[in-house]
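Fresh page in the notebook today. I wanted to look up a few things while the structure was open on the screen, and here is what I wrote down.

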Amino acid sequence: MTTPDQAVLARNDRYVREFVEALGMCPYARRCRESGKLVRRVIRDREEAPSAIAALEALPPDDVEVALLIFRDEPADGEASARAFEDFCARLRDGRFAAHAGSPPFYSVAFHPHLSGDLLDAHRAVRFIRRTPDPTLQLVRASVLHSVRGADGGGSRYADTNGLSLEQAMALVSPISLSDRIANANLASVRREGPERLEALLASFRA
């Protein structure tokens, strides 16, 4: 018999494999998962979240590059719940920034099944791509972002990664040309596959 936690992880696994990886939405997703550096935790109550993040921060840096905190019982019944979840995740992010004097081990961003479907331009389309089956907080190790920036020869510049997915955050700390390629490629994928078909695919994960 499938437990509620197993069902949550199964939905997320479909999102990662059948949407993000299959459509090439993040060029780093498959490598991260197959290397064992993607960690997922099911969260049953918001009060568990701070301790779950602290536990991830305590792990050796080489053990986890990306972590997903998946909120099993979080309300997910419309755009209002999406905004409320984003606000909650912003407070968590601010708390970790304060705890680490502005340099936390992870950057974070909220995913939610009812984020906006605005496809007017490439950078707005990222919210469509972040429609996970369950409300989710994605944590990306800051050193990974910095290493990508260095590898691509980008200069140092401030990047607010709040509200961005992994590929968008990595693009922001890399040269503008890489940012444009990733954002434009994702929007092209959505348009090529068809927004209506992809909306139905994402809805099937939740069902």
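Which residue stands opposite leucine 137 in β4? I looked along the paired strands and found leucine 69 there. A reminder to myself before going on: this is a predicted model.

**Entry 1: the chain as a whole**

I started with the overall layout. I find nine helices and four strands in the chain. Read from the N terminus, the order of elements is α-α-β-α-β-α-β-α-β-α-α-α-α. The chain has 207 residues, and 48% of them are buried. Its exposed surface comes to about 9,800 Å², with carbon and sulfur atoms supplying 52% of that. I also looked at contacts with a separation of 6 or more: 74% of these join residues 24 or more positions apart.

**Entry 2: how the strands pair**

Next I went through the strand partners. β1 runs parallel to β2, and the two share six bridges. For a landmark in this pair I noted valine 39, whose bridge partner in β2 is alanine 67. β2 also pairs with β4, this time in the antiparallel sense and over five bridges. That is the pair where leucine 69 and leucine 137 face each other. β4 in turn pairs with β3, antiparallel again, over six bridges. Here tyrosine 107 sits opposite valine 140 of β4.

**Entry 3: strands covered on both faces**

How many of the six residues of β2 are buried? I count six of six, so β2 is largely enclosed by the rest of the structure. The general pattern helps me read this: in a regular strand, side chains alternate between the two faces of the sheet. In β2, which spans residues 66-71, one side carries Val66, Leu68 and Ile70, the other Ala67, Leu69 and Phe71, and all are buried.

β4 covers residues 136-141 and is mostly covered too, with six of its six residues buried. On one side I noted Thr136, Gln138 and Val140, and on the other Leu137, Leu139 and Arg141. I made a mark beside Arg141, as this residue is among the buried ones.

**Entry 4: a closer look at isoleucine 43**

I picked isoleucine 43, which lies in β1 (residues 38-43). Is isoleucine 43 buried or exposed? Its relative accessibility is 2%, so I put it down as buried. Leaving out residues up to four places away in sequence, isoleucine 43 touches Glu48, Ala49, Ala52, Leu69, Ile70, Phe71, Arg72 and Asp73. One of these, phenylalanine 71, is 28 residues away in sequence, yet the C-alpha atoms of the two are 4.6 Å apart.

**Entry 5: the second largest cavity**

Last, I went looking for empty space. Rolling a probe the size of a water molecule over the atoms shows where such space is left. The count came to three cavities of 30 Å³ or more. I chose the second largest, which holds about 70 Å³ of space.

Which residues line the second largest cavity? I listed Ile53, Glu57, Leu92, Arg93, Arg96, Phe97, Pro104, Phe106, Ser108 and Leu139. By type, this lining divides into six nonpolar, one polar and three charged residues. α3 (49-57), α4 (79-99) and β3 (106-111) each supply at least two residues. α4 gives the most, with four. Leu139 caught my eye, as I had already met this residue among the buried ones in β4.

Definitions and conventions. Residues are numbered from 1 along each chain as its sequence is written. This is a predicted model: local features need pLDDT of at least 70, side-chain atom pairs count only at pLDDT 80 or more; totals for chains, interfaces and linings use all residues. Side-chain values use heavy atoms; hydrogens and water are left out. On a 1 Å grid over the protein atoms alone, a cavity is a set of points where a 1.4 Å probe fits but cannot get out, and a pocket is an open set with protein on both sides within 12 Å along at least five of seven lines; lining residues have an atom within 4 Å of a point. Grid points are joined across faces, edges and corners, and a volume is the space filled by probe spheres set on the points. Ala, Val, Leu, Ile, Met, Phe, Trp, Tyr, Cys and Pro count as nonpolar, Asp, Glu, Lys and Arg as charged, and the others, Gly among them, as polar. Buried means under 20% relative accessible area, exposed over 50%, partly exposed in between (1.4 Å probe, protein chains only). Contact means heavy atoms within 4.5 Å. Accessible areas come from the Shrake-Rupley method with a 1.4 Å probe; for residues, only the protein chains shown count as cover. Two strands pair if DSSP finds at least two bridges between them.
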